[in-house]
Amino acid sequence: MAHAHRSKNSVALIRPLPSVYPPVLNAPVGSVPRPVGVTNPSFGPVPPFDPASLPQPGFVLNPAVLVGMEQRRSLSLLQFMSNEGLIPSPEEELKRKNAIEKLKEIVLTWVKRVAWQRRRPKQQISVTSATILTYGSYGLGVHGPESDVDAICVGPFFASMADDFFIVLRNMLECRPEVSEIHCVKDAKVPLMRFKFDGISIDLPYAQLRLLYVPDDLDVLNPYFLRNIDETSWKSLSGVRANECILQLVPNVENFQSMVRCVKLWARRRGVYGNLFGYFGGVHLAILAAFVCQRNPHANLNVLISTFFKTFSGWPWPTPVALEGGRLPTEGTRDTRALMPIQLPCSPYEYCHSNITKSTFYRITTELTLGHALTRDLLRLDFDWNDIFEPFCYSKKYSRFIKIYLSSPNQDHLGDWVGWVKSRFWLLLAKVEEVQGLCDPNPTEFIDPDAGEPNVVFFWGVQPGRINFSDIDVVEDFFLQNINNSGYQGHPGKMVLSVLPTSQLPGYAHLDTGSWKRTKACWRMSEYHQPRLPVFSQHLPLYFVGYAATNEDVKRLNAWS
């Protein structure tokens, strides 16, 4: 591949063109005005778009002029991305890289300790290893300055998740001065630890392979390494496998990375980003962008963006989107329940997990159609990239909002509670649609400064319809009952639903700014000042492993005795 030598975590930079304005031969356009460069530390001199360089009506457009204008549009988009702060600085990149390298050193020490604890032969202890792989936005090289790092710990056959990962490795991480705010998410579909390493938020699931030695450059697409692994490990590795496939299948990695950054910013600004809210997630947009890149291998960035909106505004959903060169779906494997099925390129049986409902489907397709209208003619005189990334005006669109107020007496428990409730939002959205009709779940989180307790507030837009205050009580009772019966292990907080007209929105609810933040689901381990039960090795008497922190660990210890 032409770009195989590039690191997948590298930032896509465009070298300055030898000549921004290509030579114009035999064109009755007149002389080209002298460009005035705009200095940019990331992309070099970028000339402003000058309408005077366009041909006058009635003249034939020279192809060289057209190419030059497309190049200038692409450079202006890269300048826009830089101005919006979408690209990390070299210092931020180095900090993330160092954090990953330190994590690799920790897990290598961890697996040696586990091998010794389990009385593996000395020869096995010396050769056994574990590693850290990255995926998600960081693995694709499309992360921003404040993005989390999605990583996975891959260990050998004797290192278990329950004892060695969640107890031994967790205790080793707790002892590190770089690690803070460590949590465990044990009951998720993909169990993981969540913590900050040198201030960088990291999600770390675990995969257990039937190997003694896990190479640092593990090929997750090689069936040999994935044979006979358990379902949890398979799911944990799906993100890494998807990333590897995408990077292998796109013809130009730098164009792909820039395109993903653009469409993610568009989705966030227009309120259609957030899988928990029924919208696109990062992997959805990455595959859609890769689909466009494959079919336009030599296109400039601005053409790729225009083609993205043209392609998917007219896509015949629910026809699945699948990348060329990926593993095509076999007969009977199509996800018939999904409104917008997008196939993972690494397996013919797997699709991107989606919570899209009829309400969010309508919103997504509406925004795609609007994006197509705005980018249909990128060379027109009044074109402005800001129009595409204009924040969605919720307060003008909707006359009423459902207010979702979540609170907890303890700030430490609030994130756990909010994260759990958000993971069930698809049920709430389905119930609201049943009672009201269309609903637009704004992903933005707000804080009520006058509440007197730690809180997070959401505002979901609804059109005038059947819903009223008595109906919202029915919806609240239904959702609370579901949450209470869903096995939440943390400290339950409070949830209150209400309906507000737009005129009564509180002052802190700045719905039209395009800001977006999230609280991730997590379950805090027992606090250090609370008594915890020590765990000793099954394989090495009197060898202290760590502290158990859940009732499940206690039950397991009782079973050992």
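This is a short tour of the structure in your viewer, from the whole chain down to single aromatic rings.

**The whole molecule**

Keep in mind as you go that this is a predicted model. Start with a cartoon view of the complete protein, where you can look for 17 helices and 12 strands. Now switch on the surface: about 25,500 Å² is exposed, and carbon and sulfur atoms supply 54% of that area. Of the 561 residues in the protein, 54% are buried. Contacts reaching along the sequence are worth a thought too: among those with a separation of 6 or more, 71% join residues 24 or more positions apart.

**The largest nonpolar core**

Hide the surface and select F256, F308, F312, I404 and W460 as sticks. These five touch the most other members of the largest nonpolar core, which has 88 residues. Next, centre on F312. Which residues is F312 in contact with, leaving aside its neighbours within four places in sequence? Add L288, F291, V292, W317, V321 and L368 to your selection, and you have them. There is also a second, separate core of 35 residues; to find it, select V149, F158, F166 and M193, which are among its members.

**An aromatic cluster**

Return to F312 and colour the rings around it. W266, F291, F308, F309, F312, W315 and W317 belong to one aromatic cluster. Two of the names should be familiar, since F308 and F312 were also on the list for the largest core.

**Two edge-to-face pairs**

Across the whole structure, a search finds 27 aromatic pairs. Select F383 and W385 for one of them: the rings are edge-to-face, 4.8 Å centre to centre with 85° between the planes. Both F383 and W385 are buried.

Now move to F392 and Y394. Why is this pair edge-to-face? The planes of F392 and Y394 stand at 80°, with the ring centres 4.8 Å apart, and planes over 60 degrees apart count as edge-to-face. Are F392 and Y394 buried or exposed? F392 has a relative accessible area of 9% and Y394 one of 3%; buried means under 20%, so F392 is buried and so is Y394.

**Charges over rings**

Stay on F392 and add R363 to the view. The charged end of R363 sits over the ring of F392, 3.9 Å from its centre. For your last stop, select K431 and F478: K431 lies over the face of F478, at 5.0 Å from the ring centre.

Key:
Residues numbered from 1 in each chain as written. Predicted model: local features only at pLDDT ≥ 70, side-chain atom pairs only at ≥ 80, totals over all residues. Heavy atoms only, no water. Core = buried A, V, L, I, M, F, W, Y, C linked by side-chain atoms within 4.5 Å. Buried < 20%, exposed > 50% of the residue type's maximum accessible area, 1.4 Å probe, protein only. Contact = heavy atoms within 4.5 Å. Helix = DSSP H or I, 4+ residues; strand = E, 2+ residues; numbered from the N terminus. Areas by Shrake-Rupley, 256 points an atom, 1.4 Å probe, with all protein chains shown as cover. Phe/Tyr/Trp six-rings, centres within 6.5 Å; stacked < 30°, edge-to-face > 60°. Lys NZ or Arg CZ within 6 Å of the ring centre and 35° of its normal.
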